[in-house]
Amino acid sequence: MQCELCGRVCDCRPATVDGVKMMLCPGCMKYGQGIKPTVETSASVRKPILERSKRPKAKDVYKDMSKELVSGWNDLIKNARKKKGLSREELGFRIGERTVTIAKIENGDLRPSDKMVEKLETELGITLVEEVTSVSSTSTGSRPAGSLTLGDFIKRED
Ligand SMILES: [Zn+2]
């Protein structure tokens with residue numbers, strides 16, 4: 001390494017001279033402000049870890065929901081509303097929700113609250129929830145015939 005100020009070949013270190021980053025030998029170091037490379041690296045390493053821990057967990061929104069909505073609930077609501085000949089405005093008026101809320105629910109963008117689900121079920125004459133019991137188990141042994149999923153068939157082939 002060659003000193004960028006005096007040209008002497010030695011153990012040069014990074015420093016700034018009048019705002020310019022240079023490699024300086026110990027003799028010329030007094031002309032510049034020494035840069036500690038460890039500060040730079042540790043700061044850039046620590047930053048992403050902090051950002052990661054700050055990120056909110058999106059799934060937490062659903063934690064308080066006690067009931068599981070049936071699959072395709074948004075289409076179920078939309079079809080039931082159309083069958084009744086109701087517009088989104090009319091349905092919203094009947095259950096005390098805004099039209100935009102009804103639209104979001106029908107698009108599947110918004111999960112209706114338990115209270116809203118009850119109102120929709122009553123108003124549209126449909127069933128939107130299924131009680132959550134111990135269904136989540138994927139073991140094939142104790143399940144009755146007829147409830148096989150695609151996953152079961154894939155498993156049985158190997
Ligand atoms: Zn020098």
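This is a short chat about the zinc site and some salt bridges in a predicted model.

Student: What are the ground rules for this predicted model?
Tutor: Local features need pLDDT of at least 70 and side-chain atom pairs count only at pLDDT 80 or more, while totals for chains, interfaces and linings use all residues. Residues are numbered from 1 along each chain as its sequence is written, and side-chain values use heavy atoms, with hydrogens and water left out.

Student: Which protein donors does the zinc ion have?
Tutor: The SG atoms of C3, C6, C25 and C28, 2.2 to 2.4 Å from the zinc ion. Donors are N, O and S atoms within 2.8 Å of the metal (3.2 Å for Na, K and Ca); water is not among the atoms, so sites may look incomplete.

Student: How are the donor residues spaced in sequence?
Tutor: The pattern is C-x2-C-x18-C-x2-C.

Student: C3 and C25, buried or exposed?
Tutor: Both are buried; buried means under 20% relative accessible area, exposed over 50%, partly exposed in between (1.4 Å probe, protein chains only).

Student: Changing topic, how many salt bridges are there in the whole structure?
Tutor: The search finds 5, each a side-chain nitrogen of Lys or Arg within 4 Å of a carboxyl oxygen of Asp or Glu.

Student: Which side chain meets R81?
Tutor: E106, at 2.4 Å, N to O. R81 and E106 are both buried.

Student: And what about E106 and R88?
Tutor: Their side chains form a salt bridge at 2.7 Å, N to O. E106 has 1% relative accessibility, so E106 counts as buried, whereas R88 is partly exposed at 25%.
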